[in-house]
Amino acid sequence: MTLLHVMSDTDRNDVRLSTHDRAAIAEHLRPHDITLSTWRAVPLPGEPSEVDIITRYEQPARQLTREAGYEVVDVVSLRPGSDAETRKRAAEARAKFLAEHSHDEDEVRFFAHGFGCFYLHLDDRVHAVVCGPGDLLAVPAGIPHWFDMGENPNFSAIRFFRTAGGWVGNFTGDDIASRMPSLDELLDIP
Ligand SMILES: CSCCC(=O)/C(O)=C/O
Ligand SMILES: [Fe+2]
Ligand code: NI
């Protein structure tokens, strides 16, 4: 399941576009220099480890790394859990990425398992892009955005970086995420 849900940045109920059609989503994002592409999903165990992910997707990940010149590839995985420690870690991770930020390099993420939503703040519109298994999203440097992994995170994503420093966010200080629908709300859209 992939979703693009475009809203006014001052009114989440002012919806300009909402579609699950991957081709239409890619087409809509292209003029913004944002690329949504698809890798053939490979079968994974129910609770894939980081090693499962990187070995199953080694071939396309190596090809992308070679073609685009990425230096660092890592896997971010969060799994649901009801114990206090897991919930605390999930809440901390969620809060970090919910703060609007940009990066000095492109944000390139492949979803191998589960779901997450990128909210791309383009002029006066928020483009919420829910990514699921097989989705590769590439967002140019400098675009303000945030990411929601939901109340009970359950996803694995491969991240591609050009510089060895890994993840560095330039935070805007805007709490816009609190005024927009969460991943859990977007996943309920039929
Ligand atoms: C899906 S990877 C974790 C989120 C992340 O790296 C990022 O920069 C979100 O904006
Ligand atoms: Fe980011
Ligand atoms: Ni647009």
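The following exercises treat two ligand sites in a predicted model.

**Exercise 1.** Determine which residues surround ligand 1 and how the shell divides by class.

*Solution.* Begin with the count: 13 residues surround ligand 1. Next, identify the closest of these, namely His101, Glu107, Arg109, His145 and Trp167. Then sort the shell by class, which gives seven nonpolar, three polar and three charged residues.

**Exercise 2.** Find the distances from polar side-chain atoms of Glu107, His145 and Trp167 to an oxygen atom of ligand 1, and apply the cut-off for a polar contact.

*Solution.* The cut-off requires a pair of N or O atoms within 3.5 Å. For Glu107, the distance is 2.9 Å. For His145, the value is 3.0 Å. For Trp167, the value is 2.6 Å. Each pair is then compared with the limit of 3.5 Å: Glu107 meets it at 2.9 Å, His145 at 3.0 Å and Trp167 at 2.6 Å.

**Exercise 3.** Establish what share of the accessible area of ligand 1 the protein covers, and which elements give two or more residues to its shell.

*Solution.* On its own, ligand 1 has 310 Å² of accessible area, and the protein covers 100% of it. The space that ligand 1 takes is the largest cavity. The elements giving two or more residues to the shell are β6 (107-114), β10 (145-148) and β11 (155-161).

**Exercise 4.** Identify the protein donors of the nickel ion (ligand 3) and locate them along the chain.

*Solution.* The donors are His28 (NE2), His32 (NE2) and His127 (NE2), at 2.1 to 2.4 Å from the ion. Their spacing along the chain is H-x3-H-x94-H. His32 lies in the loop between α1 (22-29) and β3 (35-38), whereas His127 belongs to strand β8 (residues 125-131). These two residues are 95 residues apart, and the pair links distant parts of the chain.

Technical notes:
Residues are numbered from 1 along each chain as its sequence is written. Chains are lettered from A and ligands numbered from 1 in the order in which they are written. This is a predicted model: local features need pLDDT of at least 70, side-chain atom pairs count only at pLDDT 80 or more; totals for chains, interfaces and linings use all residues. Side-chain values use heavy atoms; hydrogens and water are left out. A residue is near a molecule or strand if one of its heavy atoms lies within 4 Å of it. A polar contact is a pair of N or O atoms within 3.5 Å; within protein, one must be able to donate a hydrogen and the other to accept it, and residues adjacent in sequence count only if both atoms are side-chain atoms. Accessible areas come from the Shrake-Rupley method with a 1.4 Å probe; for residues, only the protein chains shown count as cover. On a 1 Å grid over the protein atoms alone, a cavity is a set of points where a 1.4 Å probe fits but cannot get out, and a pocket is an open set with protein on both sides within 12 Å along at least five of seven lines; lining residues have an atom within 4 Å of a point. A molecule sits in a cavity or pocket if more than half of its atoms lie within 2 Å of its grid points. Helices (H or I, at least four residues) and strands (E, at least two) are DSSP runs, numbered from the N terminus. Ala, Val, Leu, Ile, Met, Phe, Trp, Tyr, Cys and Pro count as nonpolar, Asp, Glu, Lys and Arg as charged, and the others, Gly among them, as polar. Donors are N, O and S atoms within 2.8 Å of the metal (3.2 Å for Na, K and Ca); water is not among the atoms, so sites may look incomplete.
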